Amino acid sequence: AWFLCPAAMLGCPQSATLPADVTGAWEQAFTRHDVAACVALFTDDAQILPQHGPAIRRRKEIEGYFNDSMNPRVTYDTDTEMSIVRGDLGVEQGRYRSRNVRRGSDVEEGKYLHVWRRVHNDWKIDRMIYNTDVEPRTEVSIEQAREEG
């Protein structure tokens, strides 16, 4: 059992998890449609890795991404299935659901992974990746036909 001593000496609890106020902060800020609060949850050099498209890098691009994608009719619900902390890094895995409150129906659901980093005693999202369980729809535009008609 001598090989267990280094871990015990470091004082790293074997089952440390991210606090609920940390894992819930993203959902709350997004559902309030508070772009500034969402952006504040990210590290300076964070990245969002969306399912379709290139990485969104650093707070300035992340702010633009949220300004473009936030919709006041949509709420965001997350369910953390697992989180683990090792030192200044935390990993959270879960499921998400977007809901159109005007229609009262879910519009998307899927999986996400957040990598959190402790920065000056605050947990910040360093990497975010998500992917939908919803099959992509084929988009057809009728705008050109209207203009020509």
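Start by selecting glutamate 92 and tyrosine 112: their side chains make a polar contact, at 2.7 Å. Keep glutamate 92 selected and add tryptophan 116, because there is another contact to see here. The side chain of glutamate 92 also makes a polar contact with the side chain of tryptophan 116, this one at 3.0 Å. Bear in mind as you click around that this is a predicted model.

Now show the ribbon around glutamate 92, and you'll find that this residue sits in strand β4. Which side chain of opposite charge is nearest to glutamate 92? Select arginine 95: that's the one, and it is 12 Å away. A salt bridge needs a side-chain nitrogen of Lys or Arg within 4 Å of a carboxyl oxygen of Asp or Glu. Glutamate 92 has no salt bridge, even though it is buried.

Next, zoom out and look at the whole chain. You have six helices and six strands to find. Trace them from the N terminus and the order goes α-α-α-α-β-β-α-β-β-β-β-α. How much of the chain is buried? Of its 149 residues, 30% are.

Time to visit one of the strands. Select serine 83, which lies in β3, the strand of residues 74–86. Is serine 83 buried or exposed? Its relative accessibility is 15%, so it counts as buried; the cut-off for that is under 20%. Now add leucine 18 and show its backbone. The backbone nitrogen of leucine 18 lies 3.0 Å from a polar atom of the serine 83 side chain.

From β3, move along to the loop between β3 and β4, and pick aspartate 88 there. Aspartate 88 has a relative accessible area of 46%, so it is partly exposed. Then select valine 119 as well and draw a distance between the two C-alpha atoms. Aspartate 88 and valine 119 are 31 residues apart in sequence, yet 7.9 Å apart in space.

Last stop: the surface. Follow β4 (89–100) into the loop that leads to β5 (105–119), and select arginine 103 in that loop. Arginine 103 counts as exposed because its relative accessibility is 56%. Which residues form a positive surface patch with arginine 103? Add Arg73, Arg102 and Arg137 to your selection: together with Arg103, they form the patch. Switch on the surface view and colour these four arginines to see the patch as a whole.

Definitions and conventions. Residues numbered from 1 in each chain as written. Predicted model: local features only at pLDDT ≥ 70, side-chain atom pairs only at ≥ 80, totals over all residues. Heavy atoms only, no water. Patch = residues over 30% accessible without salt bridge, like charges linked within 9 Å, V, L, I, M, F, W, Y side chains within 5 Å. Areas by Shrake-Rupley, 256 points an atom, 1.4 Å probe, with all protein chains shown as cover. Lys, Arg positive; Asp, Glu negative; His and termini not counted. Charge placed at Lys NZ, Arg CZ, Asp CG, Glu CD. Helix = DSSP H or I, 4+ residues; strand = E, 2+ residues; numbered from the N terminus. Buried < 20%, exposed > 50% of the residue type's maximum accessible area, 1.4 Å probe, protein only. Polar contact = N/O pair within 3.5 Å; in protein donor to acceptor, adjacent residues only side chain to side chain.
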